[in-house]
Each structure stands twice: as C-alpha cells, then as structure tokens.
Amino acid sequence: MEVPLNPIGREEIHRLESVLLFATLFRPEVIELIKDPAERLTWVDSLAVAAGAIAREKAGMTVSEIAEELGRTEQTIRKHLKGETKAGQLVRETYELIKQGKLDELVKNIEVLSKGGQVVALEEYEKLKREKEELEARVKELEEENHQLKAKLENIRKVLNDALERVKEIEKLL
C-alpha cells in the first residue's frame, strides 16, 4: 500500500490520516488501552484528532489551519503534534514505523485480530519465534536420538536372538 508520508492535497492527507489512525488503533499496546469501554470513545477520538493533526502537519498546514479544520483548539493540536499527549506520541510512533517500512507488520496485526487471534508486541513475537525455533530444533534432535536408540535396540534384539539360538543348540548337545 502506498502511503503518502508528505501528502499533497486533500485525498493524500485523508489517506495518511486513515492509515495513521487504523495502524495506531491496531497496535498491541493501543488495543490494551481501548479494552475498557468507558475509555474507548475518548481514546479513539484522541487518536483520530492526533492522526488528523499529524497528517495535516506533514502536508505543511499551520497549527491554526489544522485546529480550524479539525474543530479543536490550537493548544490541543500543539499538544498532539509535540507528543505531549499519549495519543500524539502513539500516532507519531506509528508514522515513524510507516516511514521505516514497517506498515506490513501493522497490517499483519490487523489480519491476526480479524481472524480472532491475539496480537503481541514485536519483541514478544520475536521471543516466541526464537523459542519455537529452539523447540523445533530440540524435537529434531530428540527424533534423531530416538531413531538411534531404536536402531541400537534392534541390534540388541538380534544379539539376544542369536544368543538364545546358541543356548538352544548347546542344550541339544548336552
């Protein structure tokens, strides 16, 4: 998906604003924050204003123009833009993630959620992935060890069968 990082025109501003809002909403830490129904509406509104403010800032609009367009005070807009609000910080972080080309990661989070899964932070995901790889390697080692033990057991059975045959032959001779 092409995301205009420095939008030109209304359409690009709205596209960046939408991507910022949705990508921020589906970050694991934000999902935790908006689980409380009493807080959800306030959070979503704050994130929407912050996303709108940052998208318009990137388009070169002034604080007063942004405030007028979004129907908020200049002070509120400044706080979001400076990252003095949690919503402003989160949306700014999302912008940086998009800028670094990590939008696919955010989209994957949305896909996981839409399938009823649970999103985890990237660090937790990497840790779980490493653990899974280590466990898979250990399973492979154990399977090989099991295979070797089965081969040894088969050899022991052959030796025992041979020994029993010899014992029977010796008993016949006696």
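The buried residues of α3 are covered by elements that include α1, α2, α4, α5 and α6. The model is predicted. Helix α3 also gives the most residues to the largest nonpolar core, eight of them. By the rule used here, there are eleven salt bridges.

**Helix α3**

- Ten names make up the buried list of α3: W43, L47, V49, A50, A51, G52, A53, I54, A55 and R56.
- The helix has 22 residues, which at 1.5 Å a residue should span 32 Å. The C-alpha atoms at its ends are 32 Å apart, so the expected span and the model agree.
- G60 comes just after α3 and takes a positive phi of about 90°.

**The largest nonpolar core**

- This core holds 30 residues. L20, L47, I66, I77 and V91 have the most contacts inside it.
- Five elements give two or more residues to the core: α1 (10-25), α3 (37-58), α4 (63-70), α5 (74-82) and α6 (86-99).
- Of these, α3 gives the most, with eight residues.
- In soluble globular proteins, nonpolar side chains tend to be buried together.
- L47 is both on the buried list of α3 and among the core residues with the most contacts.
- I66 touches A53, R56, E57, M61, I77 and L81, leaving aside residues up to four places away in sequence. One of these partners, I77, is also among the core residues with the most contacts.

**Helix α4 and what follows**

- The buried residues of α4 are I66, A67 and L70. Viewed down the helix axis, they fall within an arc of 100°, so they line one face of α4.
- These buried residues pack against α3 and α5.
- G71 follows α4 and has a positive phi, near 70°.
- T73 sits in the loop between α4 and α5. Its relative accessible area is 47%, so T73 counts as partly exposed.
- T73 and V63 are ten residues apart in sequence. Their C-alpha atoms are 9.2 Å apart in space.

**T85 in the α5–α6 loop**

- T85 is placed in the loop between α5 and α6.
- Its side chain makes a polar contact with the side chain of H80, at 2.8 Å.
- The T85 side chain also reaches the backbone nitrogen of G88, at 2.9 Å.
- Beyond residues up to four places away in sequence, T85 touches K79 and H80. H80 is thus a partner by side-chain polar contact and by the contact list.

**Salt bridges**

- The count comes to eleven. Side chains of opposite charge can pair when their charged atoms come close.
- Which residue forms a salt bridge with R27? It is E93, and the closest N and O atoms are 2.7 Å apart.
- That pair links distant parts of the chain. E93 is in helix α6, while R27 is in the loop between α1 and α2 (28-33), 66 residues apart.
- The two ends of the pair can be described by accessibility. R27 is buried, at 6% relative accessible area. E93 is partly exposed, at 38%.
- E136 and K132 meet through their side chains in a salt bridge, with N to O at 3.0 Å. They are four residues apart in helix α8 (residues 122-173), so about one helical turn separates them. E136 is partly exposed, with a relative accessible area of 44%.
- E141 and R138 form a salt bridge at 3.2 Å, N to O. Both lie in helix α8, three residues apart, about one turn of the helix.
- E141 has a relative accessible area of 46% and is partly exposed. R138 is partly exposed too, at 40% relative accessibility.
- A network of salt bridges links R10, E17, R56 and E69. R56 is also on the buried list of α3 and among the residues that I66 touches.

How values were computed
Residues are numbered from 1 along each chain as its sequence is written. This is a predicted model: local features need pLDDT of at least 70, side-chain atom pairs count only at pLDDT 80 or more; totals for chains, interfaces and linings use all residues. Side-chain values use heavy atoms; hydrogens and water are left out. A nonpolar core is a set of buried Ala, Val, Leu, Ile, Met, Phe, Trp, Tyr and Cys residues joined through side-chain atoms within 4.5 Å. Buried means under 20% relative accessible area, exposed over 50%, partly exposed in between (1.4 Å probe, protein chains only). Contact means heavy atoms within 4.5 Å. A polar contact is a pair of N or O atoms within 3.5 Å; within protein, one must be able to donate a hydrogen and the other to accept it, and residues adjacent in sequence count only if both atoms are side-chain atoms. The arc is that of the directions from the helix axis to the C-beta atoms. A salt bridge is a side-chain nitrogen of Lys or Arg within 4 Å of a carboxyl oxygen of Asp or Glu. The expected span of a helix is 1.5 Å times one less than its number of residues.
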